[in-house]
Amino acid sequence: MLVLGIETSCDETAASIVKDGREILSNVIYSQVKTHAAYGGVVPELASREHLLKIRPIVDQAFADAGMSLADIDGIAATSGPGLIGSLLVGLTYAKGLSFSTHKPLVAVNHIEGHIYSVSFEHPDVEFPALALVVSGGHTNLFWVESESGDFRHLKYKLVGKTRDDAAGEAYDKVAKLLGLGYPGGPIIDRLAKQGNRHSIAFSKVKISDRSLDFSFSGIKTAVLRMIKENEQLKEDPLRLDLCASFQETVIDMLWSTTSRAAELLQPRSVLLSGGVAANSRLREVFVERCAEAGLKFHYPKPILTTDNAAMIAAAGTAKLLRGETVDMEVNADPNMRLAVSDRNSPKRRWKA
Ligand code: KG4
Ligand code: ZN
């Protein structure tokens, strides 16, 4: 089965052709980072305008790279949410147009579900149930993932933890902005942190008062802001390097402590890490080390599949197509789309009980 994936939820225009949900035949990603860098963050109106300019050439490139044409594919998968409404509409509407003109089936994919499927290319044999941590610029979510089929063909999600304020990637981007490092901040802090002392600056860890598995990252951003106001030297090397390293270590500790607590309570068969922040070299290192110590199987995608891409959308879309979950021309983008909500039967209740 050949599926065209289209992703335009934020500031990447991406298209990909994936065979049988497994084999990436092409993976074209156009990043708008240069457009938004001057503003220190994504400007929604500029993002949708640039998607409009790029969507056609990027999709054409995906076909050219795969050596195929529209006639060869079996279906089209496009991100329909969550994300920026103007951006989402460009990719989804283009996909609807292709589907309408070719009579190829269309599936609407949740962007977060796409991130979870990014793990499936290199690790198709993940054992379920799994605990999936999705850490990106817009989301920090911990899901309990069960599989009806025992593999990636039929997954079911329950949200067991989420950020109460900023996403982890957002904290990276905001701290980078405070330090005048440029946008996006994650990769820059990742690089600078390698030269700093991870234990030089102590940040107080956020305590979420109830026993939930939620995260919070706005406190650490405010702490950095306060520190910089008190000591301008922190904006210069070498103190800046120590600040980056200590900030990063604290964020990673917070991600690990909640994930490990969830793993103790819920006993998954594996742990999955995905989303833009999953490209972070120290985060990967810490999770590899600590999952091994805890006896947990741990899987994460290669860097090109962690940040936004359309291969992951095609993979999640393939599973939907196989299940017959197609949509018609009435489908609309939903900027606040949820993958799952915690409900009465969620695993969360198991430890609250
Ligand atoms: O998944 P993604 O491409 O877009 C969203 O769905 O949000 O994630 C982008 C986020 C940005 O906040 C960026 O700073 C962060 O991922 N990021 C990183 C790294 N590479 C990207 N954060 C930390 N370390 C990295 N190496
Ligand atoms: Zn994303």
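This report describes a zinc site, a second ligand, two helices and one buried serine in a predicted model.

## The zinc site

Three protein residues act as donors to the zinc ion (ligand 2), namely H111 and H115, each through its NE2 atom, and D308 through OD, and these donors lie 2.0 to 2.1 Å from the ion. Along the sequence the donor residues follow the spacing H-x3-H-x192-D, a pattern in which the two histidines can be found in one helix, α4 (residues 111-117).

Because H111 and H115 are four residues apart in α4, they are separated by about one helical turn. In general, an α-helix has 3.6 residues a turn, so residues three or four places apart point the same way. Both histidines are also covered by protein: H111 has a relative accessible area of 4% and is therefore buried, while H115 is buried with a relative accessible area of 0%.

## The surroundings of ligand 1

Ligand 1 is surrounded by 19 residues, of which the closest are G137, D173, D190, N280 and D308. Two of the zinc donors thus reappear in this part of the description, since D308 is listed among these closest residues and H111 has a polar side-chain atom 3.2 Å from an oxygen atom of ligand 1. The backbone takes part as well: a backbone N or O atom of G137 lies 2.9 Å from an oxygen atom of the ligand, and a polar backbone atom of G138 is 3.1 Å from an oxygen atom of ligand 1. Taken alone, ligand 1 exposes 550 Å², and the protein buries 90% of that area.

Helices supply part of the shell around ligand 1, with α4, α5 (168-178) and α6 each giving at least two residues. The largest share, four residues, comes from α6.

## Helix α9

Helix α9 (residues 281-293) has 13 residues and reaches 19 Å from its first C-alpha to its last, which is close to the 18 Å expected at 1.5 Å a residue. At its N-terminal end the helix is capped by N280, whose side-chain oxygen lies 3.1 Å from the backbone nitrogen of R282; N280 is also one of the closest residues to ligand 1. After the helix comes G295, which has a positive phi near 70°.

The buried residues of α9 are R282, L283, R284, V286, F287 and C291. These buried residues pack against several other elements, including α6 (185-193), the long run α8 (239-266) and the strands β6 (130-135), β9 and β10 (297-299).

## Helix α11

Helix α11 (residues 311-322) has 12 residues, and the distance from its first C-alpha to its last is 17 Å, close to the 16 Å expected at 1.5 Å a residue. This helix is mostly covered, with 11 of its 12 residues buried; among them are A311, M312, I313, G317, T318, K320 and L321. Just after α11, G324 takes a positive phi of about 80°.

## A buried serine in strand β9

S270 lies in strand β9 (residues 270-274), one of the elements against which the buried residues of α9 pack. With a relative accessibility of 0%, S270 counts as buried, and a polar atom of its side chain lies 2.5 Å from the backbone oxygen of E127.

Leaving aside its neighbours within four places in sequence, S270 is in contact with V126, E127, P129, A130, L131, K297 and H299.

Note on methods. Residues numbered from 1 in each chain as written. Chains lettered and ligands numbered in written order. Heavy atoms only, no water. Buried < 20%, exposed > 50% of the residue type's maximum accessible area, 1.4 Å probe, protein only. Polar contact = N/O pair within 3.5 Å; in protein donor to acceptor, adjacent residues only side chain to side chain. Contact = heavy atoms within 4.5 Å. Donors = N, O, S within 2.8 Å, 3.2 Å for Na, K, Ca; no water. Expected span 1.5 Å × (residues − 1). Near = heavy atom within 4 Å. Areas by Shrake-Rupley, 256 points an atom, 1.4 Å probe, with all protein chains shown as cover.
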